Amino acid sequence: FLTAIQLFSRRENEQQDPEDEIILLIKKSKVSAMTGKLEDADRYLHQALKLAQLSQNNQAITYTYTQMANLAFLRGDLLNVTAEKDNTRLLLGMCLDSCARYMTSQKQLVLAESLYEQALAISQQVQGETHPQTVVLMNDLATVLDMKGHQDRAYEYVTRASNLARETSHPDQCVILSNLARVLMHRGQYHEARLVYEEALTQAESKADKPVIQHIRNGMEELKAKAQKSQEVRESTH
């Protein structure tokens, strides 16, 4: 515990240092958990998380999420509710998903990839391959892999996600198809990418989803520019 807490760098001679408050809240949470006061432990961790986010302390955020996941396991073991194991694992999956999204926004892609992989594995095992959340996690993992430049693995996950989205009429199907088109574009498959973008745009327009429509159109403009540049390069080499 002490080793983990020391991950948070301390600034000396500051009054009411946010890191000190975060550490105190986490300590209180651990004491509460040890004495069986699990609701109190959860409340302290949420307070610590809010403070860590306000102070933009990435290490504290990551560590607090980890403690929340551990507490979720503990609560599942001790409360002995119906389907406790599955519910506890789903709680852990939600924590991992939230943390992965934050790490992605901070461009900490190695950690985000690992977190998404764990969240996806839990969702597949507990909820099944075709569950809407499983499909979303496949898509999100593909996004991170694409951002890392691992287009082949990204294509594998997003293709599976898009196929499942089509088969199950997933509510976010147009978003997932847009992501597939983006991965295809990054793989240099411009014709295929255009066809998928057009499919995604048709769906988004049928729902009158303006933000998604704009997102897809932006992707299509980027695709057009990349395809044109690629064509110019080919012509200049002949």
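Does D152 count as buried, partly exposed or exposed, and at what relative accessibility? I will start there and work outwards. D152 counts as exposed, because its relative accessibility is 58%, and the cut-off for that class is over 50%. Please keep in mind throughout that this is a predicted model.

First, the overall layout. The protein chain has 11 helices and 0 strands. In sequence order the pattern is therefore simply α-α-α-α-α-α-α-α-α-α-α. Of its 238 residues, 42% count as buried. The exposed surface of the chain comes to about 13,400 Å², and 51% of that is supplied by carbon and sulfur atoms. On contacts: among those with a separation of 6 or more, 51% are between residues 24 or more positions apart.

Now helix α8, where D152 sits. This helix runs over residues 151-168, which is 18 residues. At 1.5 Å a residue, α8 should span 26 Å, and its end C-alpha atoms are 25 Å apart, so the two figures agree. Which residues of α8 are buried? They are Q151, A154, V158, A161, S162, L164 and A165. These residues cover an arc of only 165 degrees around the axis, which means that they lie on the same side of α8. What do they pack against? The buried residues of α8 pack against α7, residues 132-147, and α9, residues 173-186. On the face turned away from that buried side, α8 carries the exposed residues D152, E156 and E167. One backbone detail just after α8: S169 takes a positive phi of about 55 degrees.

Next, salt bridges. How many does a search of the whole structure find? The search finds 12. I will go through three pairs and one network.

The first pair brings us back to D152. D152 forms a salt bridge with R187, and the closest N and O atoms are 2.8 Å apart. The pair links distant parts of the chain: D152 is in helix α8, R187 is in the loop between α9 and α10, and 35 residues separate them. R187 counts as partly exposed, because its relative accessibility is 31%, whereas D152, at 58%, is the exposed partner.

The second pair is E222 with R182. Their side chains meet in a salt bridge, at 2.9 Å from N to O. E222 lies in helix α11, residues 210-236, and R182 lies in helix α9, so this pair ties together parts that are 40 residues apart in sequence. Both ends have intermediate accessibility values. E222 has a relative accessible area of 28% and is therefore partly exposed. R182 is at 31% relative accessibility, so R182 also counts as partly exposed.

The third pair is a local one. R194 and E198 meet through their side chains in a salt bridge, again with 2.9 Å from N to O. Both residues lie in helix α10, 4 residues apart, about one turn of the helix. R194 is partly exposed, with a relative accessible area of 35%. E198 is partly exposed too, at 33% relative accessibility. As for the network, salt bridges that share partners join E113, E117, K148 and R153 into one.

Let me turn to a buried position. Where is T64, and what surrounds it? T64 is found in helix α4, residues 58-79. T64 has 0% relative accessibility and so counts as buried, the cut-off being under 20%. Leaving aside neighbours within four places in sequence, T64 is in contact with I26, L45, A48 and L49. The side chain of T64 also has a polar atom 2.7 Å from the backbone oxygen of A60.

One last position, A121. This residue is in helix α6, residues 109-127. With a relative accessible area of 27%, A121 is partly exposed. How far is A121 from G93, in sequence and in space? The two are 28 residues apart in sequence, and their C-alpha atoms are 8.7 Å apart.

To close, back to the opening residue. D152 is on the face of α8 turned away from the buried side, and D152 is bridged to R187. That is what I have for today.

Conventions
Residues numbered from 1 in each chain as written. Predicted model: local features only at pLDDT ≥ 70, side-chain atom pairs only at ≥ 80, totals over all residues. Heavy atoms only, no water. Helix = DSSP H or I, 4+ residues; strand = E, 2+ residues; numbered from the N terminus. Expected span 1.5 Å × (residues − 1). Buried < 20%, exposed > 50% of the residue type's maximum accessible area, 1.4 Å probe, protein only. Arc of directions from axis to C-beta. Contact = heavy atoms within 4.5 Å. Polar contact = N/O pair within 3.5 Å; in protein donor to acceptor, adjacent residues only side chain to side chain. Salt bridge = Lys/Arg side-chain N within 4 Å of Asp/Glu carboxyl O. Areas by Shrake-Rupley, 256 points an atom, 1.4 Å probe, with all protein chains shown as cover.
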